[in-house]
Amino acid sequence: RPYKVIVKGAPERVLDLCARCGAEEMTPQQRRKLDTMLQELMSEGRRVLCLATKTVQLPAGHAFEGSKLDNLNFDLKTGLSFCGLIGIEDPPKEGVREAVTAAHHAGVRVIMVTGDHPETAK
């Protein structure tokens, strides 16, 4: 039975799993264009997610197991089809910029800790 699996995650990980762009094979030129778009979104401070799909053939009633690529009981490591990039705008909370400036003026070295991609965190 065919199942359509939808994958969302960090673009640098999901894009590496994509063999297709829509219905066609992904060309190196398309991949470069996607990488450029990704860099543009991140340079604007956006958090970016990548979406991809894959249709997998599994027996009816298959019990899906696992939550990461390494422990799934079906193949998602190859053959995904790129669907899109989502850029989420998540500006700093009101007053953060002023607080950082005040800390700098007071001689405090400010270090930002984030789970964002380094390009987004800039």
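**Figure 1. Phe74, a buried ring in the predicted model.** Phe74 has a relative accessible area of 14% and is therefore buried, the limit for this class being under 20%. The structure shown in this and the following views is a predicted model. The ring of Phe74 pairs with that of Phe64: the two centres are 5.3 Å apart and the planes stand at 85°, so the arrangement is edge-to-face. Both Phe64 and Phe74 belong to the loop between S4 and S5, where 10 residues separate them.

**Figure 2. The aromatic pair of Tyr3 and Phe64.** Across the whole structure, 2 aromatic pairs are found. In the one shown here, Tyr3 and Phe64 meet edge-to-face, with 5.0 Å from centre to centre and 85° between the planes. This contact links distant parts of the chain, since Tyr3 is in strand S1 whereas Phe64 is in the loop between S4 and strand S5 (80–88), 61 residues apart. Tyr3 counts as buried because its relative accessibility is 16%, whereas Phe64, with a relative accessible area of 40%, is partly exposed. Through ring pairs, Tyr3, Phe64 and Phe74 are linked into a cluster.

**Figure 3. Strand S1 and its pairing with strand S4.** Strand S1 comprises residues 2–9, and its side chains alternate between two faces. Tyr3, Val5, Val7 and Gly9 point to one face and are buried. Pro2, Lys4, Ile6 and Lys8 point to the other face and are not buried. S1 pairs with strand S4 (residues 47–57) in the antiparallel sense, over 8 bridges. Val5, one of the buried residues of S1, has Lys54 of S4 as its bridge partner. Tyr3, on the face of S1 shared with Val5, is the residue whose ring forms the edge-to-face pair with Phe64.

**Figure 4. The salt bridge between helices H1 and H2.** The model contains 7 salt bridges. In one of them, the side chains of Asp16 and Arg31 meet at 3.2 Å, N to O. Asp16 is part of helix H1 (residues 11–17) and Arg31 is part of helix H2 (residues 28–43), so the contact ties together parts of the chain that lie 15 residues apart in sequence. Asp16 is exposed, at 56% relative accessibility, while Arg31 is partly exposed, at 22%.

**Figure 5. The salt bridge of Arg20 and Glu25.** The side chains of Glu25 and Arg20 form a salt bridge with an N to O distance of 2.4 Å. Arg20 has a relative accessibility of 27% and therefore counts as partly exposed.

**Figure 6. The salt bridge of Asp70 and Lys77, and a salt-bridge network.** Lys77 and Asp70 meet through their side chains in a salt bridge of 3.3 Å, N to O. The two partners fall into separate accessibility classes: Lys77 is partly exposed at 43% relative accessibility, and Asp70 is exposed, with a relative accessible area of 69%. Elsewhere, salt bridges that share partners join Asp16, Arg31 and Asp35 into one network. The contact between Asp16 and Arg31 is the salt bridge of 3.2 Å shown in Figure 4.

Note on methods. Residues are numbered from 1 along each chain as its sequence is written. This is a predicted model: local features need pLDDT of at least 70, side-chain atom pairs count only at pLDDT 80 or more; totals for chains, interfaces and linings use all residues. Side-chain values use heavy atoms; hydrogens and water are left out. Buried means under 20% relative accessible area, exposed over 50%, partly exposed in between (1.4 Å probe, protein chains only). Helices (H or I, at least four residues) and strands (E, at least two) are DSSP runs, numbered from the N terminus. Two strands pair if DSSP finds at least two bridges between them. Rings of Phe, Tyr and Trp (its six-membered ring) pair if their centres lie within 6.5 Å; planes under 30 degrees apart count as stacked, over 60 as edge-to-face and the rest as tilted.
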